[in-house]
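Biologist: Please go through this model with me, one point at a time. Explain each term when it comes up.

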Amino acid sequence: MSAAASNSSKMMTSPGDMFTLENPVFCCYLFWSTVLVVKMLLMSLLTAVQRFRYKIFPNQEDLFFKNLEVQFDDPHVERVRRAHRNDMENILPYFLMSLIYISTNPNADVACILFRVASVARIIHTLVYAVYPVPQPSRILAFATMLLITFYMAAVVALRTLSFI
């Protein structure tokens, strides 16, 4: 039996145990959250790449090339910016909900699968939206995957804490 499987049956004894490197659920969360943070940081770089590729700059001082004007509405740049904004609107609440979910001491296997699937879905969302646009329903499926996982975790938390209100 793997270490993760043997740890998944181990019950954490105190709330402090949930957020340590001894908890495989928290370690999985840390890894996949790091992947998503790096992905979001790369979106800023992708925006800059698009700006230079199409010579589209939003500020007068950014105009490196002669005969250019400030521009705000290039479809290539705006597509990447919309994807980045979508990340912030969805990944940030997911981070918070995931931490709250971890505090309920979920099954390690289920939790890690949720973290992996949600992260891969967001990477796919970026690829089909900002890198290589693909027709629907590709983007909505990738978007809905993380959204449903976040709602699932919220439902688990709500059901496990309902008796305390």
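Modeller: A residue is called buried when its relative accessible area is under 20%, exposed when over 50%, and partly exposed in between (1.4 Å probe, protein chains only). The model is predicted, so local features need pLDDT of at least 70 and side-chain atom pairs count only at pLDDT 80 or more, while totals for chains, interfaces and linings use all residues. Residues are numbered from 1 along each chain as its sequence is written, and side-chain values use heavy atoms, with hydrogens and water left out.

Biologist: What percentage of the 165 residues of the protein chain count as buried?

Modeller: The protein chain has 165 residues, each judged by the cut-off for buried. The share that counts as buried is 38%.

Biologist: How many helices and how many strands are in the protein chain?

Modeller: Helices (H or I, at least four residues) and strands (E, at least two) are DSSP runs, numbered from the N terminus. From that end on, the elements run α-α-α-α-α-α. The counts are 6 helices and 0 strands.

Biologist: How far apart are the end C-alpha atoms of α6?

Modeller: The expected span of a helix is 1.5 Å times one less than its number of residues. For the 24 residues of α6 this gives 34 Å, so the distance in the model agrees with it. The end C-alpha atoms of α6 are apart by 35 Å.

Biologist: Which elements do the buried residues of α6 pack against?

Modeller: Among the buried residues of α6 are Ala 142, Met 146, Ile 149, Met 153 and Val 157. Contact means heavy atoms within 4.5 Å. By that rule, the buried residues of α6 pack against α3, α4 and α5.

Biologist: Which residues touch the most other members of the largest nonpolar core?

Modeller: A nonpolar core is a set of buried Ala, Val, Leu, Ile, Met, Phe, Trp, Tyr and Cys residues joined through side-chain atoms within 4.5 Å. The largest one here has 25 residues. Those that touch the most other members are Tyr 94, Tyr 101, Ile 102, Phe 115 and Met 153.

Biologist: Which element gives the largest share of this core?

Modeller: Two or more residues of the largest nonpolar core come from each of α3 (24–54), α4 (75–102), α5 (108–131) and α6 (138–161). The largest share is 7 residues, and it comes from α3.

Biologist: Is Arg 122 buried or exposed?

Modeller: Arg 122 is in helix α5. Leaving aside neighbours within four places in sequence, Arg 122 is in contact with residues including Leu 36, Asn 86, Asp 87, Phe 143 and Met 146. Because the relative accessible area of Arg 122 is 0%, the class for this residue is buried.

Biologist: Which residues does Asn 86 touch, not counting residues up to four places away in sequence?

Modeller: Asn 86 is in helix α4. At 16% relative accessibility, Asn 86 counts as buried. The residues that Asn 86 touches, with that exclusion, are Arg 122, His 125 and Phe 143.

Biologist: Which residue caps the N-terminal end of α3?

Modeller: α3 has 31 residues and reaches 45 Å from its first C-alpha to its last, close to the 45 Å expected. At its N-terminal end, a side-chain oxygen lies 3.0 Å from the backbone nitrogen of Val 25. The residue that supplies this oxygen is Asn 23.

Biologist: What is the omega of the peptide bond from Gln 136 to Pro 137?

Modeller: Most residues other than glycine have a negative phi, and most peptide bonds are trans. Pro 137 lies in the loop between α5 and α6. The bond from Gln 136 to Pro 137 is cis, with omega near 15 degrees.

Biologist: What is the phi of Asn 105?

Modeller: Asn 105 lies in the loop between α4 and α5. This residue is not a glycine, yet its phi is positive. The value for Asn 105 is about 55 degrees.

Biologist: What distance separates the C-alpha atoms of Thr 161 and Thr 104?

Modeller: Thr 161 is in helix α6 and, at 35% relative accessibility, counts as partly exposed. Thr 161 and Thr 104 are 57 residues apart along the chain. Their C-alpha atoms are separated by 8.7 Å.

Biologist: Where does UniProt place the feature "transmembrane region"?

Modeller: UniProt positions are given here in the numbering used for this chain, feature names are shortened, and annotations may be inferred rather than shown by experiment. In the model, residues 140–159 are 100% helix and 0% strand. The unreviewed UniProt entry places the feature at residues 29–49, 113–134 and 140–159.

Key: Polar contact = N/O pair within 3.5 Å; in protein donor to acceptor, adjacent residues only side chain to side chain.
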